[in-house]
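Biologist: Before we begin, please put the sequence and the model on screen. I want to learn how to read the features one by one.

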Amino acid sequence: EAEADKKDGEFKLDFIAFGREHVAKLKAAERDKTAEGYNSALNNFCKFLKSDSIDINDINKAMLLGYKDWFEREGFGNRAWEMYMSNLKTLHNNAKLLYNDEDDEKLNIKLSPFKTIQFRRSAVEKRDVEPMALSATALRYLWDVPTERLTPRGKMARDAFFLSFSLCGMNAVDMWKHKQAEDCKADCIEYYRSKTARRSGKGAFTRVHINKYMKEVHERNRGKRHTWFYAELYSTSNNFNAALSYGLADLVNNAVTYYGLQWNLDPGTKRKQILKRLELPTDRNLIFYAARDSFSTIAGNDCHVPTETIDRCLCHVVKSVAAEHYIKKDYRYTDETAEKVLRFVFGEQMK
């Protein structure tokens with residue numbers, strides 16, 4: 001455990017050890033996703049420090065500015081900087097709450113360096129991130145890549161991607177840990193969305209049936225103790241996410257090879273041309289979140305589903321007091337929207 005030391009009148013606290021202790025408490029409370037975020041921030045800070053420990057009073061403005069310069073040189077993005085600094089600042093503030101007593105003027109931790117460093121992106125910067133929404137054409141191409149061409153991880157990633165798409169953009173972490181409720185029908189998925197559950201309570205709950213288009217996919221991915229086998233194959237949601245990234249890369253690579261040969265285009269030299277024809281991104285890798293972006297974009301732009309309905313399907317926090325507290329929720333809209341979107345993509349019959 002991280003212990004404060006006050007030898008020779010000087011207060012000392014290992015900030016990294018204090019942070020690791022906080023991570024352990026989060027894991028004990030089954031807040032694994034939050035714990036992973038803090039752990040990643042601490043790991044990155046340790047890489048900059050080239051050390052696994054630092055006294056909390058040695059963290060100052062000059063050090064954090066050096067950290068920012070190093071962070072940018074290493075090629076990390078603005079979103080990662082915001083997340084890491086936010087988590088480190090929270091840990092620093094927690095230590096101050098624990099070891100400082102302002103009423104008695106006992107300030108063991110005197111500095112507030114995180115107040116002096118700008119790390120939060122502006123609203124304009126946040127909105128500037130372009131969603132990775134795939135067209136119905138791109139989705140059909142990915143679905144039609146022959147299964148025998150894919151690695152086991154590629155098959156798993158494609159199945160999980162299309163399951164997420166059919167379940168109104170269910171997040172990977174929620175798919176990884178989902179367990180079927182005993183009183184819930186076998187073809188019905190009920191869950192609290194992890195990303196918003198703590199701040200929106202019941203508003204994070206949603207229910208959606210396994211669509212007829214995805215029943216076969218659902219069945220071949222069933223787990224013994226979980227709804228799907230992902231948590232039984234991957235010990236953490238981070239490992240699952242990593243496997244999805246590698247699997248989706250395998251899927252795209254095989255799509256390029258397969259369709260390139262069909263169109264008499266050399267996959268090696270004409271990769272970008274093939275990707276454009278497949279309507280897949282040419283400047284970045286396919287990510288799992290694209291299933292969620294694709295569902296909402298096709299629902300709104302191609303199926304003309306109202307934005308309010310899409311928000312409810314995506315389990316976004318509802319700002320309307322009436323909708324949140326007085327109107328009984330009817331989850332048929334999720335099934336109806338999913339049906340419209342999947343019928344638009346796949347037609348009446350799945351290949």
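Modeller: We will go from the whole chain to helix packing, aromatic rings, cysteines and a few single residues.

Biologist: Start with the overall picture. How many helices and strands does the chain have?

Modeller: Keep in mind that this is a predicted model. The chain comes to 17 helices and four strands. Of its 351 residues, 44% are buried.

Biologist: What share of the contacts join residues at least 24 apart?

Modeller: Take contacts between residues at least 6 apart in sequence. Of these, 65% join residues at least 24 apart.

Biologist: Now helix packing. At what angle do α14 and α17 pack?

Modeller: For a helix pair, read the angle and the axis distance together. Helix α14 covers residues 290–302, and helix α17 covers residues 332–346. They pack at about 85°, with axes 10 Å apart. Angles of 65 to 115 degrees count as roughly perpendicular, so α14 is roughly perpendicular to α17.

Biologist: Which residues make that contact?

Modeller: On α14, F295, I298, A299 and D302. On α17, T337, A338, V341, F344 and V345. By class, that contact has seven nonpolar residues, one polar and one charged.

Biologist: Let me try another pair. How do the axes of α1 and α4 cross?

Modeller: Apply the same reading. Helix α1 (residues 15–28) and helix α4 (residues 78–99) have axes that come within 10 Å and cross at roughly 95°. That angle makes α1 roughly perpendicular to α4.

Biologist: Which residues meet there?

Modeller: F15, F18, G19 and H22 of α1 meet a set on α4: L88, L91, H92, N94, A95, L98 and Y99. The contact of α1 with α4 divides into seven nonpolar, four polar and no charged residues.

Biologist: On to the rings. How many aromatic pairs are there?

Modeller: A search of the whole structure finds 28. For each pair, read the centre distance, then the angle between the planes. F45 and F48 are 6.2 Å apart, centre to centre, with 20° between the planes. Planes under 30 degrees apart count as stacked, so this pair is stacked.

Biologist: Where do F45 and F48 sit along their helix?

Modeller: In helix α2 (residues 32–49), three residues apart. Therefore about one helical turn separates F45 from F48. F45 is also buried, at 0% relative accessibility.

Biologist: And Y258 with Y259: what geometry does that pair have?

Modeller: Edge-to-face. The centres of Y258 and Y259 are 4.9 Å apart, and the planes are 70° apart. Both tyrosines are buried.

Biologist: Which residues form an aromatic cluster?

Modeller: One cluster is made of F15, F45, F48, Y67, W70, F71, W81 and Y84. You have met F45 and F48 as the stacked pair. F15 also belongs to the contact of α1 with α4.

Biologist: Next, cysteines. How many disulfides does the structure hold?

Modeller: Zero. Test sulfur distances against the cut-off: a disulfide needs two cysteine sulfur atoms within 2.5 Å. The closest cysteine sulfur to that of C168 is in C313, at 4.4 Å, so the two are too far apart for a bond.

Biologist: Is C168 buried or exposed?

Modeller: Buried, with a relative accessible area of 2%. C303 is buried too, at 15%.

Biologist: What about the backbone of C168?

Modeller: Check the sign of phi, and check whether the residue is glycine. C168 is not glycine, yet its phi is positive, near 60°. C168 lies in the loop between α7 and α8 (172–177).

Biologist: Where is H304, and what is its phi?

Modeller: H304 is in the loop between α14 and α15 (307–313). Its phi is positive, about 55°, and H304 is not a glycine. H304 is exposed, with a relative accessible area of 65%.

Biologist: Which residues does S166 touch?

Modeller: Leave out residues up to four places away in sequence. S166 then touches M214, A338 and L342. S166 is in helix α7 (residues 152–166), and it is buried, at 1% relative accessible area. A338 also takes part in the contact of α14 with α17.

Biologist: Last one. Where is S51?

Modeller: S51 is in the loop between α2 and α3 (61–73). S51 counts as partly exposed, at 28% relative accessibility. Now compare sequence with space. S51 and I16 are 35 residues apart along the chain, and 9.5 Å separates their C-alpha atoms.

Key
Residues are numbered from 1 along each chain as its sequence is written. This is a predicted model: local features need pLDDT of at least 70, side-chain atom pairs count only at pLDDT 80 or more; totals for chains, interfaces and linings use all residues. Side-chain values use heavy atoms; hydrogens and water are left out. Axes are lines fitted to C-alpha atoms, for helices over the stretch in contact, and angles run from 0 to 180 degrees between N-to-C directions. Helices (H or I, at least four residues) and strands (E, at least two) are DSSP runs, numbered from the N terminus. Angles under 35 degrees count as roughly parallel, over 145 as roughly antiparallel, 65 to 115 as roughly perpendicular and the rest as oblique. Contact means heavy atoms within 4.5 Å. Ala, Val, Leu, Ile, Met, Phe, Trp, Tyr, Cys and Pro count as nonpolar, Asp, Glu, Lys and Arg as charged, and the others, Gly among them, as polar. Buried means under 20% relative accessible area, exposed over 50%, partly exposed in between (1.4 Å probe, protein chains only). Rings of Phe, Tyr and Trp (its six-membered ring) pair if their centres lie within 6.5 Å; planes under 30 degrees apart count as stacked, over 60 as edge-to-face and the rest as tilted.
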